[in-house]
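This report walks through a few features of the structure shown below, moving from a helix pair to a sheet and then to the chain as a whole.

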Amino acid sequence: MQRTIVLAGFMLLVMGCSQNAITGKNQLTLYNEADIQNMASQQYRQFLSENRVVSTGSNKDAEMVRRVGTRLTNAINSYYATKGLSKELEGYKWEYNLVDSKEVNAWCMPGGKIVVYTGLLPITQNEAALAVVMGHEIAHALAKHGNERMSRGALQQLGGVALSVAVANKTPAAQSLLMNAYGIGSNVGVMLPFSRSQELEADKFGLIFSAMAGYNPQEAIPLWERMEKAGNGQKPPEILSTHPAEAKRIEKLRELMPEALQYYKPVGR
Ligand SMILES: [Zn+2]
């Protein structure tokens with residue numbers, strides 16, 4: 001019996017290692033992506049019903065969030081198409097919502113469910129910088145970083161049978177890991193921060209997607225400078241708890257810039 005359990009756990013880990021389509025890296029993804037997308041979609045609906053969504057009809061900021069999201073996802077669709085990866089986006093049903101909250105935060109759940117908090121806008125200050133943040137969040141989702149974090153979280157907390165139960169679809173354990181992975185809600189106890197390598201990947205693809213969408217990726221540098229400055233205050237931005245910045249982030253962004261600029265075609269508005 002014991003051996004069967006160990007073997008089952010081992011098989012789960014072997015099956016859980018896969019190569020990511022855009023980063024090309026091997027990663028541990030114990031969760032079925034379609035299951036996570038379903039779960040995320042339900043959690044998204046619930047989140048929207050419990051928070052104040054700013055309607056796009058009369059609000060310029062809400063319209064901007066939708067416009068940036070649409071331009072980014074159009075760019076992503078063509079990026080994936082040129083690489084023969086369109087199938088990867090099949091489960092994505094993009095949604096972009098601005099939520100009225102002082103939190104300095106934004107996230108994109110698997111399947112393309114995006115929220116920007118109004119509290120982020122005083123730090124982004126302009127549309128291109130907002131595109132950089134949203135591109136970064138979308139890159140985390142496309143690179144399946146949430147799945148990776150949930151898988152690591154499940155491994156750390158559990159073992160054997162408990163692990164296989166936790167990775168089963170829609171268990172409370174899986175749902176709370178998903179919420180923790182995205183730092184959703186103000187009462188989230190345990191945060192699962194992205195790792196440095198995940199942050200670097202998200203920065204890289206976030207810059208490329210922004211540039212392809214016609215936004216100047218160079219806005220990323222003053223943006224993260226403003227974010228760091230806000231992080232030195234009494235109440236650091238919530239986004240920094242799930243997106244730990246390293247001291248060299250600006251330096252790394254400068255290194256990534258020449259590649260991102262190759263994709264930049266300014267769009268007149
Ligand atoms: Zn990040």
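## A pair of packed helices

In this predicted model, helix α3, which covers residues 60–82, packs against helix α5, which covers residues 127–142, at an angle of about 55 degrees and with the two axes 10 Å apart. Because angles from 65 to 115 degrees would count as roughly perpendicular and those under 35 degrees as roughly parallel, α3 is described as oblique to α5. The crossing in which α3 passes α5 is right-handed.

On the α3 side, the contact is made by M64, V68, G69, L72 and I76, and these meet E127, L130, A131, M134, G135 and I138 of α5. Sorted by character, the residues of this contact comprise eight that are nonpolar, two that are polar and one that is charged.

## The open sheet and the helices across it

Four strands make up an open sheet with mixed pairing, and their order is β3-β4-β6-β5. The edges are occupied by β3 (53–54) and β5 (106–109), each of which has a single partner strand, so that one side of each is left without a neighbour in the sheet. In general, the strands of a sheet pair through backbone hydrogen bonds, in either a parallel or an antiparallel manner. For β3 and strand β4, the latter spanning residues 95–99, the pairing is antiparallel and extends over two bridges; V53 has V99 of β4 as its bridge partner.

Helices also lie across these strands. Helix α2 (residues 33–50) lies across β3, β4, β5 and β6 (113–117), and runs at about 30 degrees to β6. The helix α5, already met as the partner of α3, lies across β5 and β6 and runs at about 30 degrees to β5.

## The surroundings of Q175

Q175 is placed in helix α8, which comprises residues 172–182. Since a residue needs 20 or more C-beta neighbours to be buried and 12 or fewer to be exposed, Q175, with 14 C-beta neighbours inside 10 Å, counts as partly exposed. Q175 lies 25 residues from M150 in sequence, while the C-alpha atoms of Q175 and M150 are 9.6 Å apart in space.

## The chain as a whole

The secondary structure of the chain amounts to 12 helices and six strands, and 41% of its 269 residues count as buried. Among the contacts between residues at least 6 apart in sequence, 72% join residues that are at least 24 apart.

Technical notes:
Residues numbered from 1 in each chain as written. Predicted model: local features only at pLDDT ≥ 70, side-chain atom pairs only at ≥ 80, totals over all residues. Axes fitted to C-alpha atoms, helices over the stretch in contact; angles between N-to-C directions. Parallel < 35°, antiparallel > 145°, perpendicular 65-115°, else oblique. Left-handed = near helix turned anticlockwise from the far one by under 90°. Contact = placed C-beta atoms within 7 Å. Nonpolar A, V, L, I, M, F, W, Y, C, P; charged D, E, K, R; others polar. Pairing = 2+ DSSP bridges.
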